[in-house]
Amino acid sequence: LACMAFGLAPALHGTRGEISGALKSGVSLASRFRLRSVLLAAQVAISVILLAAAGLLVRGLERAQHQNPGFTIDNVSVISLDLPASAYGGKRTQAFARQLQTGLETSAGLPMAGVTPRVAPKPMVALTMDAPMANSRSWTSLRRKGEPAARTRMVAFHEVTGGYFDVLGIPMVEGRNFVRDDFGGHVVILNQTAAKSLWPGENAVGKTIPYDGETWEVVGVAKDAYTTDLNTIPSTMYWPMSGRFDIPQVLVRGGPAAVEQVGAVVARLEPKARIRAVPLSENLHAQLQPARYGAALAGALGMLALTLASIGMSGVFAYVVRQRT
């Protein structure tokens, strides 16, 4: 229909009247091309807008690639564990997660005996249910004790060990990190956004949060980081690892030797386990993939529109010259 409409209109226009009559009546030929000129100008303008949008998308993509997400990406790997499904579930999964944490911390040369320090050690390995910027995200509703339902806030939550913040280089701005005795305990760490939302202008450490019929104590406030995506920093709550949901992932900072060390620990606990390690930077790459597609699409459409506008402009000029001749 478009080809017929736009092909038929010039044909009908060309059959109107005779050129000798137009010349005798003194009618300007330029007036006949006013609509065509307007359409051509609009086409050129749209193509320029598309190209400008593509340029802005590419520029934004370059900035996003160099944006500081608030945590360390380089030299950090995400290790996923594939365990026999028939042998793991419930209590067995929780026990495996606890053994894995102990085995990894022991392998990293951390102390095992004695009183657990109030200041958490700094292992270069950690357990987490959701790696930063992964596709899997968990949300829950949260409000302070005594607040009405209208004050309910949606917060992202992650189940992690204390090494999570050390591996990613996320500092504590208030309170302390998780320690080994916190495994499965009723303590939480909030990010700065969540702490300000719940207790604006107050110190959140030591406050309690009612959740799922139980009381949870805030022991620390972590610095804000773009762990969910690069657009916003949502209110985030961190729980100590318990293993009650699923087999955790392992975050490790180091090269191939560190990954092999984690694999050796997993193999001692479960010989049938298989591991798969990918750089954390791949999660960032996946987050930016839609922007890359958008920039490429806008650039392709802009070039196509500019090509069509150039062809149309050349055709109109050739037609005007021929008519004047």
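What percentage of the 325 residues in the chain is buried? Buried residues make up 40% of them. Keep in mind that this model is predicted.

## The whole chain

The chain holds eight helices and eleven strands. Its exposed area comes to about 18100 Å². Carbon and sulfur atoms supply 60% of that area.

Now look at contacts between residues at least 6 apart in sequence. Of these, 79% join residues at least 24 apart.

## Strand 8 and its partners

Start with strand 8, which covers residues 214–222. Strand 8 pairs with strand 5, strand 6 and strand 7.

Strand 5 (residues 172–175) runs antiparallel to strand 8, with three bridges between them. Here Glu 174 has Val 221 of strand 8 as its bridge partner. Strand 6 (residues 187–191) pairs with strand 8 in the parallel sense, over five bridges. Ile 189 is bridged to Gly 220 in strand 8. Strand 7 (residues 208–211) is antiparallel to strand 8 and shares four bridges with it. Ile 209 stands opposite Trp 216 of strand 8.

How many residues lie between strand 7 and strand 8 in their hairpin? There are two. Asp 212 sits in this turn, and its phi is positive, at about 55 degrees.

## Aromatic rings

The model has six aromatic pairs. One of them joins Tyr 164 and Phe 165. Their ring centres are 5.4 Å apart, and their planes meet at 85 degrees. The pair counts as edge-to-face because the angle is over 60 degrees. Tyr 164 and Phe 165 are both buried.

Which residues form an aromatic cluster with Trp 216? They are Phe 157, Tyr 211 and Trp 239. Trp 216 has already appeared in this report, as the residue of strand 8 opposite Ile 209.

## A buried serine

Ser 77 belongs to strand 1, which spans residues 76–82. Is Ser 77 buried or exposed? Ser 77 is buried, because its relative accessible area is 13% and the cut-off for buried is under 20%.

Which residues does Ser 77 touch, leaving out those up to four places away in sequence? One group is Val 250, Leu 251, Val 252 and Gly 254. Val 259 is also on the list. So are Val 278, Pro 279 and Leu 280.

## Along helix 8

Helix 8 takes in residues 281–324. Leu 301 lies in this helix. At 41% relative accessibility, Leu 301 is partly exposed, because that value falls between the 20% and 50% cut-offs. Leu 301 also helps to make a nonpolar surface patch. The other residues of the patch are Leu 297, Leu 304, Leu 308 and Ile 311. The patch has an area of about 480 Å².

Met 303 is in helix 8 too. Its relative accessibility is 47%, so Met 303 counts as partly exposed. How far apart in space are Met 303 and Ser 47? From C-alpha to C-alpha, the distance is 7.2 Å. In sequence, Met 303 and Ser 47 are 256 residues apart.

Key: Residues are numbered from 1 along each chain as its sequence is written. This is a predicted model: local features need pLDDT of at least 70, side-chain atom pairs count only at pLDDT 80 or more; totals for chains, interfaces and linings use all residues. Side-chain values use heavy atoms; hydrogens and water are left out. Buried means under 20% relative accessible area, exposed over 50%, partly exposed in between (1.4 Å probe, protein chains only). Contact means heavy atoms within 4.5 Å. Accessible areas come from the Shrake-Rupley method with a 1.4 Å probe; for residues, only the protein chains shown count as cover. Rings of Phe, Tyr and Trp (its six-membered ring) pair if their centres lie within 6.5 Å; planes under 30 degrees apart count as stacked, over 60 as edge-to-face and the rest as tilted. Patches are made of residues with over 30% relative accessible area and no salt bridge: like charges are joined within 9 Å, nonpolar side chains (Val, Leu, Ile, Met, Phe, Trp, Tyr) within 5 Å. A salt bridge is a side-chain nitrogen of Lys or Arg within 4 Å of a carboxyl oxygen of Asp or Glu. Two strands pair if DSSP finds at least two bridges between them.
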